[in-house]
Amino acid sequence: MTIESPCINLCRLDPATGQCVGCARTGAEIAAWREFSPQARRSIMARLPARLAAMAPPALAAAER
């Protein structure tokens, strides 16, 4: 069974937010992703666009290096 994931293989945690600059999940969310229920994963995924939008551009630029 495939588990839906927002991962885009740009895995770096922003030290300022603790969120991945690729998918915006926290380190704890990434670590526990497989254990979350489908409903919990969908709930987290619904919040990710806002997290990505709020992320500072320097974090994204640093991730691309």
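The following exercises, each with a worked solution, concern confidence, a salt bridge and one further arginine in a predicted model.

Residues are numbered from 1 along each chain as its sequence is written, and side-chain values use heavy atoms, with hydrogens and water left out. Because the model is predicted, local features need pLDDT of at least 70 and side-chain atom pairs count only at pLDDT 80 or more, whereas totals for chains, interfaces and linings use all residues.

**Exercise 1.** Determine which elements of the chain have the lowest and the highest mean pLDDT.

*Solution.* Begin with pLDDT itself, the predictor's confidence in each residue, from 0 to 100. For the chain the mean is 87, and 82% of the residues reach 70 or more. Then turn to the elements, where helices (H or I, at least four residues) are DSSP runs numbered from the N terminus: helix 3 (residues 57–63) has the lowest mean, 57, and helix 1 the highest, 96.

**Exercise 2.** Find the salt bridge and state whether its partners are buried or exposed.

*Solution.* The criterion is a side-chain nitrogen of Lys or Arg within 4 Å of a carboxyl oxygen of Asp or Glu. A search of the whole structure returns one such contact, namely R51 with E29 at 2.7 Å, N to O. This pair links distant parts of the chain, since R51 lies in helix 2 (residues 38–54) and E29 in helix 1 (residues 27–32), 22 residues apart. Buried means under 20% relative accessible area, exposed over 50%, and partly exposed in between (1.4 Å probe, protein chains only); R51, at 17%, is therefore buried, and so is E29, at 10%.

**Exercise 3.** Classify the accessibility of R47.

*Solution.* R47 is found in helix 2, and its relative accessible area of 38% makes R47 partly exposed. The C-alpha atoms of R47 and A24, which are 23 residues apart along the chain, are separated by 8.9 Å.

Notes:
Helices (H or I, at least four residues) and strands (E, at least two) are DSSP runs, numbered from the N terminus.
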